[in-house]
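Please open the model in your viewer and keep the selection tool at hand. The tour moves from aromatic contacts to enclosed and open spaces.

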Amino acid sequence: MPATMPLTISPPRLLHRHHGRATLQQQRPTARLALLPRRAARLRCAPDEVAATAAEPEQQGEEEEFVLLASNRSDFNEVIMVIDSPSNRYLVLDPSRNVHSILPKKSAWTNSYWDEFVSLPPVVPRGPVALLGLGAGTAAHMMLEVWPWIQLIGWEIDPTIIELSRDYFGMSNLEKTTELGGSLSVRIGDALSPSATVEGGFAGIVVDLFADGKVLPQLQEAETWLEIAKKLMPDGRIMVNCGGADTPVSLAADTGVSSWVQNPTIKALCAAFPGQLNWKRLSEKESVNYVALTGPLPDLEEWSTSVPSELSPRVKQWVPCELA
């Protein structure tokens, strides 16, 4: 792998959020940060304006302090930051300042698309599950907490992110085997490489691959999905964070074709798996992301009883992806 630059720890800088505004306090002129869920929105540094915050559990009027714990760059990411707050720890990447991973401190859930990945194990066979786009391990943390027997194999292309994740996000603990035999095995490399597989295939594959705040262009091609599907065992499934729509779509249109056709990743998936794809769009208060699931639509009642109660109403929102 290409060498990365040495890790540098920046001096702590405090940020205070009040009435939805996050202010970076330094000796120099003040900048402002807005923390938002990855892909659907981004963390932005701007001198004059602050975007509204959708991922924060705090209510408007409450104050939250942020601390920059580490800052770095690598051959894969021009910007790598670890930002801490009383409620969450964030991995922020790219000049676009996207939040790529969250480690919640006050809740078991992120209230974003990562929660959806936790619902995958009940609808796939027993076997290893791949995480393509590991980041700092948000999905791995949550899946091992709910399903401590699960064997996860995560691919991350940037070794600097893995180093930071072990130091600041508890990834080393995930790599230890639980009492029920579950663990995370980390692979550093290209998640889309033909070598990113295991003998016998994966029971499930979670795909969460972005760069510069956008879905990888390869994921907007049907052929890419057909190649990924070859890595599944019989009856295995792929669950995908598809990002947002190319153009704004009202929530009122979310149950119709007019909604999902605005997302190029879902269009590619639907072309690759006609009649064998399901989708949903997360509500505005969670994020604006679309998620997709391959295979026949599961029995939603049975599925809802097999996941934690917080996810039960969410799994009932899946619908088949039907071509117009």
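Which residues do ring pairs link into a cluster? Select Tyr113, Trp114 and Phe117 in this predicted model, and you have the cluster that the ring pairs join. A search of the whole structure finds seven aromatic pairs, and a stacked one is the next stop.

Select tryptophan 303 together with tryptophan 318, whose rings form a stacked pair with 6.2 Å from centre to centre and 25° between the planes. Colouring by secondary structure places tryptophan 303 in helix H8 (residues 300-305) and tryptophan 318 in the loop between helix H9 (312-315) and strand E18 (319-320), so the pair ties together parts that are 15 residues apart in sequence. Tryptophan 303 is buried, with a relative accessible area of 2%, and tryptophan 318 is likewise buried, with a value of 2%.

Now turn to arginine 126 and display its side chain along with that of tryptophan 149: the charged end of the arginine sits over the tryptophan ring, 3.6 Å from its centre. Keep both residues selected, since Arg126 and Trp149 are also among the residues that line the largest cavity. To complete that lining, add Pro121, Val124, Pro125, Gly127, Val129, Ile150 and Ala203. The space within the largest cavity is about 30 Å³, and a search of the whole structure finds one cavity of 30 Å³ or more. By class, seven nonpolar residues, one polar residue and one charged residue make up its lining.

From the cavity, move on to the largest pocket, which has a volume of about 580 Å³. Of the 37 residues that line this pocket, select Gly133, Glu156, Ile157, Leu209 and Phe210, which are the closest to its centre. Several elements each supply at least two residues of the lining, among them strand E7 (88-93), strand E8 (98-104), helix H1 (114-117) and strand E9 (129-132). Helix H2 gives the most, with three residues. Colouring the lining by class should show 21 nonpolar, eight polar and eight charged residues.

For the last stop, stay with helix H2 (residues 138-146) and select glutamate 145, which has its place there. Is this residue buried or exposed? Glutamate 145 has a relative accessible area of 65%, and therefore counts as exposed, the cut-off being over 50%. Finally, draw a distance from the C-alpha of glutamate 145 to that of threonine 178: the two residues are 33 apart in sequence and 10.0 Å apart in space.

How values were computed:
Residues numbered from 1 in each chain as written. Predicted model: local features only at pLDDT ≥ 70, side-chain atom pairs only at ≥ 80, totals over all residues. Heavy atoms only, no water. Phe/Tyr/Trp six-rings, centres within 6.5 Å; stacked < 30°, edge-to-face > 60°. Helix = DSSP H or I, 4+ residues; strand = E, 2+ residues; numbered from the N terminus. Buried < 20%, exposed > 50% of the residue type's maximum accessible area, 1.4 Å probe, protein only. Lys NZ or Arg CZ within 6 Å of the ring centre and 35° of its normal. 1 Å grid on protein atoms, 1.4 Å probe; cavity = no way out; pocket = protein on both sides within 12 Å on 5 of 7 lines; lining within 4 Å. Points joined across faces, edges and corners; volume = space filled by probe spheres on them. Nonpolar A, V, L, I, M, F, W, Y, C, P; charged D, E, K, R; others polar.
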